[in-house]
Amino acid sequence: MSLKANAHMLPQPTIILVCLLLFVGATGKSAQIPLYVWLPDAMAGPTPVSALIHAATMVTAGVYMVARFSFLYAHVAAVGIFIAWVGIITALVSAIYGMYQDDIKKVLAYSTVSQLGYMFAGVGLAAYSAGIFHVFTHAFFKALLFLGAGSVIYAMHHEQNIWKMGGLRTKLPLTYKTMLIGSLALAGCPPFSGFFSKDEILYSALATGHTGIWLVGVLVAGMTAYYT
């Protein structure tokens with residue numbers, strides 16, 4: 001007999017324990033508080049590798065796992081709310097860190113941690129389609145931004161300090177245009193994809209009465225636009 005069809009037969013303490021332990025694994029895999037430090041440190045490799053790490057399923061696998069086991073989390077709404085709060089707090093803390101970084105790749109790395117927090121907020125609130133939608137949109141614009149950052153780093157002879165950059169629009173016109181598109185999507189500006197996926201998560205928080213999560217999410221959206 002399948003677990004999905006018979007999940008309701010499991011004792012409530014067992015479901016709670018299983019869901020929490022699954023989330024512990026997802027926390028490490030998808031860099032949530034307090035297990036987020038490894039992701040910014042993984043930026044030492046080549047930029048195309050960074051683009052793959054952040055855009056492919058490596059760091060978003062934890063979000064997918066929670067969504068995939070939604071039939072278990074549906075029985076323990078309190079665990080879902082806990083996941084949503086961990087996610088949105090991670091989004092806030094990582095956005096703050098991202099605002100103070102000098103390394104162009106670390107800005108984007110902390111941005112990924114922050115956006116992963118949004119995704120967990122979505123799936124934690126049982127808005128699974130919204131959370132997975134943000135997984136997809138984030139994959140495309142974050143890969144675009146990392147590859148653009150690689151172009152900038154290469155043009156700057158491997159300089160990664162953003163305070164030593166400037167006036168590159170005329171020198172790298174194609175990189176400028178593509179990174180502008182990625183930046184607007186990451187910042188959540190309409191009509192770019194990031195607006196729609198973030199909006200769905202924030203709407204889900206407001207519609208379900210979790211005003212605190214919604215307020216923090218709106219604040220993080222503004223901070224995202226700033227560091228971008």
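Helices here, at least four residues long, are DSSP runs numbered from the N terminus. With that in hand, you can find your way around this predicted model by helix number, and the stretches linking one helix to the next make handy landmarks too.

Let's begin in one of those links. His 157 sits in the loop between helix 8 and helix 9, and its phi is near 60°, a positive value for a residue that isn't glycine. Right after comes His 158, which belongs to the loop between helix 8 and helix 9 as well. Its phi is positive too, near 70°, and again the residue is not glycine. Why point these out? Because most residues other than glycine have a negative phi. Both histidines are on the outside: His 157 has 70% relative accessibility, so it counts as exposed, and His 158, at 62%, counts as exposed as well.

A little further along the chain is a salt bridge. How many of these does a search of the whole structure find? Just one salt bridge turns up. Its partners are Glu 159 and Lys 164, whose closest N and O atoms are 4.0 Å apart. The two ends differ in how open they are: Glu 159 is partly exposed, because its relative accessibility is 24%, while Lys 164, at 56%, counts as exposed.

Now jump back towards the start of the chain. Ile 33 is in the loop between helix 1 (12-29) and helix 2 (38-41), and Pro 34 is found in that loop between helix 1 and helix 2 too. The peptide bond running from Ile 33 to Pro 34 is cis, with omega near 5°. That's worth a second look, because most peptide bonds are trans. As for its surroundings, Ile 33 counts as partly exposed, since its relative accessibility is 29%. Setting aside neighbours within four places in sequence, Ile 33 touches Thr 27, Val 86, Ile 89, Thr 90 and Val 93. Ala 61 is 28 residues away from Ile 33 along the chain, and their C-alpha atoms are separated by 16 Å.

Next, look at helix 1 itself and the way it packs. Two packed helices are described by the angle between their axes and the distance between the axes. The axes of helix 1 and helix 6 (residues 77-99) come within 10 Å and cross at roughly 20°. Angles under 35 degrees count as roughly parallel, so helix 1 is roughly parallel to helix 6. The crossing of helix 1 past helix 6 is right-handed. Who meets whom? Helix 1 brings Ile 16, Cys 19, Leu 20 and Phe 23, and helix 6 answers with Val 79, Phe 82, Ile 83 and Val 86. Sorted by class, this contact of helix 1 with helix 6 has eight nonpolar residues, no polar ones and no charged ones.

Head to the other end of the chain for another pair. Helix 10 (residues 193-207) and helix 11 (residues 211-227) pack with their axes 7 Å apart, at an angle of about 155°. Anything over 145 counts as roughly antiparallel, so helix 10 is roughly antiparallel to helix 11. Here the crossing is left-handed. From helix 10, the contact uses Lys 198, Leu 202, Ala 205 and Leu 206; from helix 11, Thr 211, Ile 213, Trp 214, Gly 217, Val 218 and Thr 224. By class, the contact of helix 10 with helix 11 has six nonpolar, three polar and one charged residues. Before you leave this region, notice Pro 191, in the loop between helix 9 (173-187) and helix 10. A cis peptide bond joins Pro 190 to Pro 191, with omega about 10°.

Two residues in the middle of the chain round off the tour. Is Gln 115 buried or exposed? With 0% relative accessibility, Gln 115 counts as buried. You'll find Gln 115 in helix 7 (residues 104-124), and, apart from neighbours within four places in sequence, its contacts are His 134, His 138, Leu 186, Lys 198, Thr 224 and Tyr 227. Lys 198 and Thr 224 also appear in the contact between helix 10 and helix 11. Finally, Ala 143 lies in helix 8 (residues 128-155) and is buried, with a relative accessible area of 17%. Pro 48 is 95 residues from Ala 143 along the chain, yet the C-alpha atoms of the two are separated by 8.5 Å.

Notes:
Residues numbered from 1 in each chain as written. Predicted model: local features only at pLDDT ≥ 70, side-chain atom pairs only at ≥ 80, totals over all residues. Heavy atoms only, no water. Axes fitted to C-alpha atoms, helices over the stretch in contact; angles between N-to-C directions. Helix = DSSP H or I, 4+ residues; strand = E, 2+ residues; numbered from the N terminus. Parallel < 35°, antiparallel > 145°, perpendicular 65-115°, else oblique. Left-handed = near helix turned anticlockwise from the far one by under 90°. Contact = heavy atoms within 4.5 Å. Nonpolar A, V, L, I, M, F, W, Y, C, P; charged D, E, K, R; others polar. Salt bridge = Lys/Arg side-chain N within 4 Å of Asp/Glu carboxyl O. Buried < 20%, exposed > 50% of the residue type's maximum accessible area, 1.4 Å probe, protein only.
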